[in-house]
Amino acid sequence: MSIEKRNATGGTAIFKNTNEFIREYRAEFVDRLSKAFEDSNRVEQYNMLVRLIRRHIGRQWVYTNSRYGKTDGGKQVYYFSMEFLIGKLLDNYLTNLGIREIVREGLSQLKVNLDDILDTEPDPGLGNGGLGRLAACFLDSMAFLGIAGHGNGIRYRFGLFRQKIVDGQQVELPDNWLQHGYPWELRKPEKSVVVRFNGSIKWHTEGSRLAFEHVDYDAVLAVPYDVPIIGYGPGEQINTLRLWSAEPAGDEFDFASFNRGDYAKAVHTRSETEAISYVLYPNDDNQSGLELRLKQEYFLVAAGVGAITTRYKKKRGGLWDMNEGVSIHINDTHPALCVAELMRILVDEEGMGWERAWAITVNTISFTNHTVMPEALERWPEELFKRLLPRIHMIVEEIDRRHRMLLESLSATERQIEDTAIIRNGLVHMVNLAVIGSHTINGVAFLHSELLKRDLLRSFYANFPYKFKNVTNGVSHRRFLLCANRGLSGLISEAIGEGWIKDPRELEGLERFESDDAFLERLHGVKRENKLRLARFIEETSGFTVDPDAIFDVHVKRIHGYKRQLLNVFKIMELYNTVRESPNAGVTPSVFIFAGKAAPGYRFAKTIIGLISAVAEKVNADPLTRDVLRVVFLENFNVSIGEMIYPVADISEQISIAGKEASGTGNMKQMMNGAITLGTLDGANLEIRDAVGEENMALFGLKIEQVLSFYRKGGYSAWEEYHGDSRIKRIVDQLIDGFFPDAGSDFRDIYDSLLRDNDEYFVLKDFPSYMSAFGKLQALYGDESAWRRMSLRNIMRSFRFTGDETIKKYNAEIWKV
């Protein structure tokens with residue numbers, strides 16, 4: 001079944017021609033707004049275009065859901081994630097449906113520029129970084145590949161936060177992305193789910209079994225908003241991202257309090273309830289924030305699992321074979337409570353025995369781990385957990401008890417039993433619940449998966465090795481190459497045809513152009529055009545110019561100590577010192593681009609942003625250096641800004657300390673746009689090396705074995721590095737010696753972290769090899785032919801890191817749809 005007839009590219013021809021589009025688009029304003037197109041503003045023009053497209057794809061969306069609902073509708077994947085960083089959808093969907101040029105021409109005839117409409121669309125505040133963008137890429141690939149895969153997330157009213165840099169410091173503001181509504185979403189109140197917090201549990205016997213009743217609870221209504229996920233091409237299948245919003249389940253307005261003049265109390269229930277879906281990752285360094293985070297995670301899980309089981313019962317009449325028709329995948333530990341919630345439904349509501357319910361649960365759920373950092377693994381105070389989720393606590397206790405008994409029967413050691421326990425030392429460990437309750441656990445890069453098996457989850461691996469797999473991350477080449485870099489994608493299609501859009505492995509066909517100077521010159525021209533576009537944006541937003549012929553050195557990701565933006569800043573300070581001392585030192589003109597957000601409560605990361613800003617101010621204002629070095633921090637990093645940055649990158653900074661970055665996805669996005677990776681042997685960098693060859697990237701730094709040895713056995717002295725390298729000593733001293741005249745003691749924390757706290761992330765240790773690797777790339781950039789061949793090699797081998805390839809492996813080895 002198709003929506004309309006197909007167009008030549010395989011997309012769905014919603015509009016047969018430009019005139020038909022214009023006629024329907026004009027009618028949309030009359031029918032929905034009771035006004036003529038000529039009287040509309042830009043927001044209305046955007047909204048009506050989206051609603052027109054949504055109306056056309058609605059028939060196929062309904063058909064897809066109807067097909068899934070049939071008893072023979074096949075297995076479905078439900079992907080649970082606290083983040084879905086979907087970015088703007090309009091440009092992608094116009095491309096996927098094959099109607100972009102018809103719409104562009106139609107709007108042009110109406111004296112409207114499509115780019116202006118695209119700029120009007122908000123970036124949905126549904127994620128923060130790689131975790132959420134990965135989830136969005138996976139939804140795109142599942143839709144394209146014909147896999148029945150849906151997302152379950154939270155509809156955050158104010159997102160993570162909108163970042164402003166004021167006087168060099170990060171300031172967090174609400175991200176009011178829903179200010180004008182969100183026309184892609186469809187509210188479905190009839191599918192709402194009641195979520196229960198607090199209260200107590202009563203139990204009684206029903207025949208030979210115990211029955212449990214949750215009483216005196218606080219009810220919250222989870223209301224779903226569905227967003228269509230439209231894959232590239234024929235449009236036969238439209239999947240769904242379901243976002244849950246928290247609303248009061250009962251009386252939402254206390255009239256008596258209002259009449260007494262206590263207006264705050266009158267709306268207290270509504271405010272407290274709605275806060276659950278206000279903000280992604282509320283600051284949890286206080287008790288209220290901690291409780292809100294736990295509420296958010298159970299809210300997502302209870303709503304999502306409740307809806308899934310209700311739908312499956314309607315389809316099959318019961319849940320006895322749910323694991324054959326449903327795969328629930330939990331993205332990191334945030335949705336780990338899926339394990340306990342599914343058990344609650346099967347045991348309490350369906351009346352199943354524990355063993356049968358447990359078999360269904362484990363064979364339904366799979367888990368992706370995204371971190372090896374113990375401090376990033378969620379642990380909840382048991383007292384809070386028990387009070388807020390009394391029945392879930394009882395179930396987790398029983399899962400924990402039975403798991404301990406199982407390990408004892410397997411002759412596990414006491415250490416292994418304690419390591420894998422869910423409840424210990426007054427804390428509830430989410431990663432252990434996720435591992436115990438899943439049939440498969442995967443890491444997201446080969447190195448990361450090996451570290452899980454031999455370190456973080458070694459006690460699990462010793463007893464359940466069959467559960468562990470690796471599935472290296474992948475990103476959407478259709479978004480980050482086809483749409484984000486239309487100049488490059490057009491050049492590729494002209495050279496090898498359009499088959500690579502559907503099968504990225506065809507990018508290897510570019511190999512025959514590695515010695516084609518004319519093609520390589522055009523490749524360089526595309527990059528330069530992208531740089532000019534970003535240069536205009538920088539001038540508009542920052543007020544200064546950058547040289548498009550300089551090296552664009554890009555470091556865009558969440559600000560964190562282990563991601564080592566500090567190491568990059570030290571490199572810039574050393575280059576600045578060199579140019580100041582020897583203006584003819586031969587430093588290649590470079591533009592250093594930073595972007596990323598620091599968690600509101602992470603003081604060290606926010607200080608790093610302050611340091612980047614201070615270095616930028618100094619370097620960009622100095623007449624001796626500003627023509628050679630430029631430093632830019634682009635505030636409020638999101639998908640749209642990323643789509644401007646990735647196509648311009650010459651150097652892709654992937655410099656986390658070995659063993660800390662699970663995989664990375666920015667490395668993949670920049671690689672497929674022709675950037676050369678400057679990185680450590682961490683995360684997916686190792687697999688990029690295997691794909692392109694070490695000669696087509698620049699590697700440096702400690703290896704994982706060395707890092708682990710320092711952490712476990714000691715032997716590293718930051719003081720020795722500081723005193724042993726005059727460059728390092730000068731840079732570190734400049735943090736506190738007045739080099740930054742307006743900083744005062746602002747950077748003392750960084751100084752102390754390096755020398756007093758012995759440089760936890762080995763910034764000083766890796767500095768010499770980092771400078772050497774950067775110097776190698778600077779020299780190579782001067783060899784235009786060699787650099788362009790390296791760039792092309794990265795593009796053609798990026799197919800290994802596409803979402804399509806990754807999802808094929810998830811499906812073949814884990815979901816088996």
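Begin by selecting Glu-24, Glu-28, Arg-32 and Arg-55, which are linked in a network of salt bridges, a salt bridge being a side-chain nitrogen of Lys or Arg within 4 Å of a carboxyl oxygen of Asp or Glu. The coordinates belong to a predicted model, in which local features need pLDDT of at least 70 and side-chain atom pairs count only at pLDDT 80 or more, while totals for chains, interfaces and linings use all residues. Residues are numbered from 1 along each chain as its sequence is written, and side-chain values use heavy atoms, with hydrogens and water left out.

With the whole chain still in view, count 61 salt bridges by that rule. Side chains of opposite charge can pair when their charged atoms come close. Three of these pairs make the next stops.

Select Lys-164 and Glu-635, whose side chains meet in a salt bridge at 3.3 Å, N to O. Lys-164 lies in strand β3 (residues 162–166) and Glu-635 in the loop between β20 (629–633) and α26 (639–645), so this pair ties together parts that are 471 residues apart in sequence. Lys-164 counts as partly exposed at 31% relative accessibility, and Glu-635 is also partly exposed, at 27%; here buried means under 20% relative accessible area, exposed over 50%, and partly exposed in between, with a 1.4 Å probe and protein chains only.

Move next to Lys-313 and Glu-350, a salt bridge in which the closest N and O atoms are 3.0 Å apart. Because Lys-313 lies in helix α10 (residues 287–316) and Glu-350 in the loop between α12 (338–349) and α13 (354–364), the pair ties together parts that are 37 residues apart in sequence. Lys-313 is partly exposed, with a relative accessible area of 36%, and for Glu-350, likewise partly exposed, the value is 26%.

Then select Asp-804 and Arg-478: is this pair buried or exposed? Asp-804 is buried, with a relative accessible area of 1%, and Arg-478 is buried with a value of 1% as well. Their side chains meet in a salt bridge at 2.8 Å, N to O, and since Asp-804 lies in helix α35 (residues 803–815) and Arg-478 in helix α20 (residues 477–483), the pair ties together parts that are 326 residues apart in sequence.

Helix α20 leads on to α21 (residues 486–496), where the residues to select are the buried ones, Leu-488, Ser-489, Leu-491, Ile-492, Ser-493, Ala-495 and Ile-496. An α-helix has 3.6 residues a turn, so residues three or four places apart point the same way. If you now display what covers the buried residues of α21, you will find α20, α22 (499–502), α23 (517–542) and α34 (784–797) among the elements, contact meaning heavy atoms within 4.5 Å. α21 is followed by Gly-497, whose phi is positive, near 90°.

Finally, zoom out to the full chain, which holds 35 helices and 23 strands; helices (H or I, at least four residues) and strands (E, at least two) are DSSP runs, numbered from the N terminus. Along its principal axes the C-alpha trace spans about 90 × 70 × 65 Å. Of the 817 residues, 62% count as buried, and among contacts between residues at least 6 apart in sequence, 76% join residues at least 24 apart.
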